[in-house]
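The following exercises invite the reader to examine a structure one part at a time. Each task is followed by a solution that goes step by step.

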Amino acid sequence: MRKEGYHLSEKPITVNAIINGELVSTDKTYPRENPANTEEIVGYGPLNTREQTIEAIQAARNAFMKWRHSDIDERIRRMRRAIERIKASIPEMSRLLSREHGKALYDSEGEFAVSLMWMEYACNTAKELLQDKVTEHDGGKTIVTSDPIGVVSAITPWNYPISLSTIKVTPALLAGNTIVLKPSPFAPLTVSKVMELIAAEFPPGVLNMVHGEAEVGVELTSNPDVSKIAFTGGTKTAKSIMKAAADTIKHMTLELGGNDAAIVLPSFDVNDARAMRRLVISNFLTSGQICMIAKRVYVHRSIFDAFVDKYVEAANRWIRVGDPFDPRVTVGPVNNLGQLKYVQSLVDDAKSRGAKVIPLGTVLNEEQFQRGYFMQPTLVLGCDYHDKIVVEEQFGPTVPILPYDDVEQAIALANDSIYGLTSSVWGDPEEAVRVARRIEAGTTMINTAAVQGLDVRFPFGGVKQSGIGREYGAEGILSYVETHVINAPKNLDLPYIPE
């Protein structure tokens with residue numbers, strides 16, 4: 001008998017596109033299964049056409065002509081009403097997110113909490129950030145305005161569909177832009193419902209949404225009426241987006257892949273159970289499917305053996321794999337079959353090269369485990385520094401832990417990557433900060449990592465091939481405006497120009 005809190009099959013839902021304030025259905029749809037029980041279809045998303053995508057972009061363009069002149073107080077009022085709508089929907093929406101994504105229910109609720117935290121911050125700070133900056137000086141008067149850019153194309157991934165959509169939609173609309181959003185087909189349902197709630201508070205055409213395949217993505221990134229692209233996803237896809245956008249020189253914010261290193265210093269206390277738990281969570285939250293998860297861990301050789309023993313203890317206490325609606329579960333399934341096969345291939349490759357693979361945690365229900373895209377989390381030891389599981393982004397429930405001999409080597413290993421999204425340093429805080437200053441990353445966290453160390457008040461983004469630009473913080477709002485300088489000099493005639 002299933003325990004209270006377990007998920008029972010529910011009727012599939014169908015979501016639609018949003019074009020010029022209307023919900024638009026299509027003849028063609030695609031199914032989204034439950035990753036925890038692949039025989040269950042959670043719902044269907046529309047397969048929009050290139051023509052419908054053009055229609056959505058044109059609706060956004062037409063709406064922009066008026067919306068750009070709207071008052072900032074009106075924009076904030078509308079967004080605050082949308083926030084209240086989302087808050088009221090959390091019990092229902094978080095369940096839907098767990099069903100279509102596979103993440104444990106507490107994790108889905110946490111994603112809504114982070115999303116709302118950002119939306120509230122943006123509403124609280126937008127007016128001051130976006131107001132004119134007027135300077136009276138000896139040479140006259142200069143006004144610096146923050147003008148909206150235009151139509152924004154937002155393309156979002158499946159791992160954190162709500163937060164990685166609201167991180168774009170909120171500042172874009174507050175800054176006076178309009179937007180066309182394309183969600184991932186691997187988690188399209190909940191984000192579509194959330195966008196419906198937001199769109200209902202704004203004039204038609206301000207927030208549009210389309211679903212679809214390659215032709216939709218190509219139109220969103222190459223259409224000349226699109227002025228900015230906001231993309232979160234893989235580095236390979238980002239390269240194609242940059243090529244598609246090149247002819248019209250679009251603004252871009254790209255938050256891309258990462259292979260985030262964690263450096264454990266000799267000063268780290270392996271007996272600190274809470275710190276070890278934070279490290280385990282930083283590896284396996286959301287089944288390791290977070291861009292900013294700690295994906296490779298370097299531990300000083302002097303504490304390596306003791307660290308591994310305590311790490312395994314902590315992992316076995318925290319990791320409980322199973323149905324996302326079982327309140328005991330901390331790790332759900334992998335989101336989709338392709339990702340599951342990829343992560344398993346990395347583990348198999350490491351094993352074939354002589355690495356030791358240690359299963360972690362407890363599988364609560366073997367029958368349930370076999371019905372979904374489940375993978376028991378693993379610790380991989382004995383890797384070479386250049387094995388695929390170390391140098392590639394796993395994006396799944398596995399982590400390699402490797403020894404190093406001195407801090408210089410650890411820093412070199414951390415920086416030996418095409419990526420530079422986040423990183424973490426564990427140990428004496430002052431020493432950790434000194435090490436952090438030498439790591440090539442957009443964010444480095446001290447004695448924590450991943451979502452545990454995220455603060456929406458400060459900018460987030462990557463260096464190297466982990467991206468361009470920043471989200472969150474003031475920078476995340478100002479990335480949706482053009483700086484316009486209006487200069488009114490006192491002396492209109494330059495003395496060195498002859499009559």
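**Exercise 1. Two loop residues with positive phi**

Task: Determine where tyrosine 472 is placed, and whether tyrosine 472 counts as buried or exposed.

Solution. Tyrosine 472 is found in the loop between β22 and α15 (473–478); helices (H or I, at least four residues) and strands (E, at least two) are DSSP runs, numbered from the N terminus. The model is a predicted one, in which local features need pLDDT of at least 70, side-chain atom pairs count only at pLDDT 80 or more, and totals for chains, interfaces and linings use all residues. Residues are numbered from 1 along each chain as its sequence is written, and side-chain values use heavy atoms, with hydrogens and water left out.

Next, consider the backbone. Most residues other than glycine have a negative phi. The phi of tyrosine 472, however, is near 65 degrees, a positive value in a residue other than glycine.

Finally, tyrosine 472 has a relative accessibility of 5% and therefore counts as buried (buried means under 20% relative accessible area, exposed over 50%, partly exposed in between, with a 1.4 Å probe and protein chains only).

Asparagine 447 may be treated in the same steps. Asparagine 447 lies in the loop between β21 and β22 (467–468). The phi of asparagine 447 is near 60 degrees, again a positive value in a residue other than glycine. With a relative accessible area of 17%, asparagine 447 is buried.

**Exercise 2. An open sheet**

Task: State in what order the 7 strands of the open sheet stand, and why one side of β16 and of β21 is left without a neighbour.

Solution. The order is β16-β18-β19-β14-β13-β20-β21, and the pairing is mixed; two strands pair if DSSP finds at least two bridges between them. At the edges stand β16 (356–359) and β21 (443–446); each has a single partner strand, so one side of each lacks a neighbour in the sheet. On average, neighbouring strands of this sheet are turned by 20 degrees against each other, direction ignored (axes are lines fitted to C-alpha atoms, for helices over the stretch in contact, and angles run from 0 to 180 degrees between N-to-C directions).

Now turn to one edge. Strand β20 (residues 422–426) runs parallel to β21 and is joined to it by 4 bridges. Valine 425 is placed opposite isoleucine 446 in β21.

**Exercise 3. Aromatic pairs**

Task: Find how many aromatic pairs the whole structure holds, and explain why the pair of tryptophan 118 and tyrosine 121 is stacked or not stacked.

Solution. The search gives 8 aromatic pairs. Rings of Phe, Tyr and Trp (its six-membered ring) pair if their centres lie within 6.5 Å; planes under 30 degrees apart count as stacked, over 60 as edge-to-face and the rest as tilted. The ring centres of tryptophan 118 and tyrosine 121 are 5.8 Å apart and the planes are at 25 degrees, so this pair is stacked.

Both residues belong to helix α3 (residues 105–130), where they are 3 residues apart, about one turn of the helix. Tryptophan 118 and tyrosine 121 are both buried. Elsewhere, ring pairs link Phe268, Phe307, Tyr311 and Trp426 into a cluster.

**Exercise 4. The largest pocket**

Task: Identify which residues lie nearest the centre of the largest pocket, and which element gives the most to its lining.

Solution. On a 1 Å grid over the protein atoms alone, a cavity is a set of points where a 1.4 Å probe fits but cannot get out, and a pocket is an open set with protein on both sides within 12 Å along at least five of seven lines; lining residues have an atom within 4 Å of a point. Grid points are joined across faces, edges and corners, and a volume is the space filled by probe spheres set on the points.

The largest pocket holds about 1,000 Å³ of space. Its lining has 37 residues, and those nearest the centre are Phe231, Thr232, Gly233, Gly234 and Thr237. Two or more lining residues come from each of α6 (214–222), β11 (226–232), α7 (235–245) and α10 (337–352). The most comes from α7, with 6 residues.
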